[in-house]
Amino acid sequence: MDIRSALAVQNYATARPATAPKEGPAGQGTGLTDFAQKFADTLSEGETTAKAAMTGDADPHALVHALAETELAVETAVTVRDKVVEAYQEILRMPV
Amino acid sequence: MSDLMKALTFAGSGMEAQASRLRHTTENIANADTPGYRRKITSFESVLNGMPGAGEVRTGRVSLDQTDLERIYDPSHPLSDDTGHHDGSNVDLVIEIADAREAQRSYEANLRLFDQARQMTSSLLDLLRR
């Protein structure tokens, strides 16, 4: 076996942990978590209001408002997701 | 919450307030012939929930119009006094209809703004799609 390929394997093994995901410092990455949490909150609020409106507890105005907010939240989330996926695919298509 | 989302909330509260005003107007018209009925007056007040310059509106306590009740001459009516008069309501249909029309116009204005804020948010997101 060529010594160079053995060295390459060894180098790869030592360099590998560098690419492993690790916990960022506190505060980093929580923006996205917050966003996801708020998105889920908006969704569940819309569902609750829709259910209440169906049983006659909620005002139709509240229903329309909650559903409009939910619609915009879903639209935002879908748009951002599409952008992220697109960027990821751009990276994957990069010639190595 | 972004300004456009706030606009949605405020327009929604405006619509609710105008709907409540229309309900009171309807009650007034329905009771136009009720003896002793005093017309209800809807009051509007802004909601202060901690935000500076809060723009949300709601209807406050209903007050009763204290103008004199109409004296109706009808001796056969069970409520009539010695002179044959009894108290009617102080509902003026012309005023009520005008009030209802005003509520409708304000409602439409709020509705338009609601739709506009929604469309503006939507078209802002459309920018990211191309």
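## Close-ups of a predicted two-chain model

Only a small share of chain A is tucked away: 10% of its 96 residues are buried. Everything shown in these views comes from a predicted model.

**View 1. Chain A is a run of helices.** Three helices and zero strands are what you get from chain A, and along the sequence they read α-α-α. How does the spread of chain A compare with a compact globule of 96 residues? The globule would have a radius of gyration near 12 Å, while chain A comes in at 23 Å. Put a box around the C-alpha atoms along the principal axes and you need roughly 80 × 30 × 20 Å.

**View 2. Chain B mixes helices with strands.** Here the count is two helices and six strands. Follow the sequence and the order is α-β-β-β-β-β-β-α, with a helix at either end of the pattern. For 130 residues, a compact globule would have a radius of gyration near 14 Å, but chain B has 22 Å. Its C-alpha box along the principal axes is roughly 80 × 30 × 15 Å. Buried residues account for 18% of the 130 residues in chain B.

**View 3. The two helices of chain B pack against each other.** A helix pair like this is described by an axis angle and an axis distance. Helix α1 of chain B covers residues 3–30 and helix α2 of chain B covers residues 93–126. Their axes come within 8 Å and cross at roughly 160 degrees, which means α1(B) runs roughly antiparallel to α2(B). The crossing of α1(B) past α2(B) is left-handed. What kinds of residues make up the contact of α1(B) with α2(B)? They split into 17 nonpolar, eight polar and four charged.

**View 4. A helix from chain A meets α1(B).** The axes of α3(A) and α1(B) come within 10 Å, crossing at roughly 170 degrees. So α3(A) is roughly antiparallel to α1(B). This time the crossing is right-handed, whereas α1(B) passes α2(B) in a left-handed one.

**View 5. The largest nonpolar core draws on both chains.** Nine residues belong to this core. Chain A supplies A:A68, A:L72 and A:A73, and chain B supplies B:L8, B:F10, B:A11, B:M15, B:F114 and B:A117. Which elements give two or more residues to it? They are α3 (60–92) of chain A, plus α1 and α2 of chain B. The top contributor is α1(B), with four residues. As a general backdrop, nonpolar side chains in soluble globular proteins tend to be buried together.

**View 6. A closer look at B:R105.** You'll find B:R105 in helix α2 of chain B. Is B:R105 buried or exposed? It counts as exposed, because just 11 C-beta neighbours sit inside 10 Å and the exposed class takes in 12 or fewer. B:R105 and B:G55 are 50 residues apart in sequence, and their C-alpha atoms are 19 Å apart in space.

**View 7. A closer look at B:S46.** This residue lies in strand β2 of chain B, which spans residues 44–46. With 13 other C-beta atoms within 10 Å, B:S46 is partly exposed. How far is B:S46 from B:T59, C-alpha to C-alpha? The separation is 8.4 Å, with their positions 13 residues apart along the chain.

Note on methods. Residues are numbered from 1 along each chain as its sequence is written. Chains are lettered from A and ligands numbered from 1 in the order in which they are written. This is a predicted model: local features need pLDDT of at least 70, side-chain atom pairs count only at pLDDT 80 or more; totals for chains, interfaces and linings use all residues. The radius of gyration is taken over C-alpha atoms; the globule rule is 2.2 Å times the number of residues to the power 0.38. A residue is buried if 20 or more other C-beta atoms lie within 10 Å of its own, exposed if 12 or fewer, and partly exposed in between; C-beta atoms are placed from the backbone. Axes are lines fitted to C-alpha atoms, for helices over the stretch in contact, and angles run from 0 to 180 degrees between N-to-C directions. Angles under 35 degrees count as roughly parallel, over 145 as roughly antiparallel, 65 to 115 as roughly perpendicular and the rest as oblique. A crossing is left-handed if the near helix is turned anticlockwise from the far one by less than a right angle, and right-handed if clockwise. Ala, Val, Leu, Ile, Met, Phe, Trp, Tyr, Cys and Pro count as nonpolar, Asp, Glu, Lys and Arg as charged, and the others, Gly among them, as polar. A nonpolar core is a set of buried Ala, Val, Leu, Ile, Met, Phe, Trp, Tyr and Cys residues joined through C-beta atoms within 7 Å.
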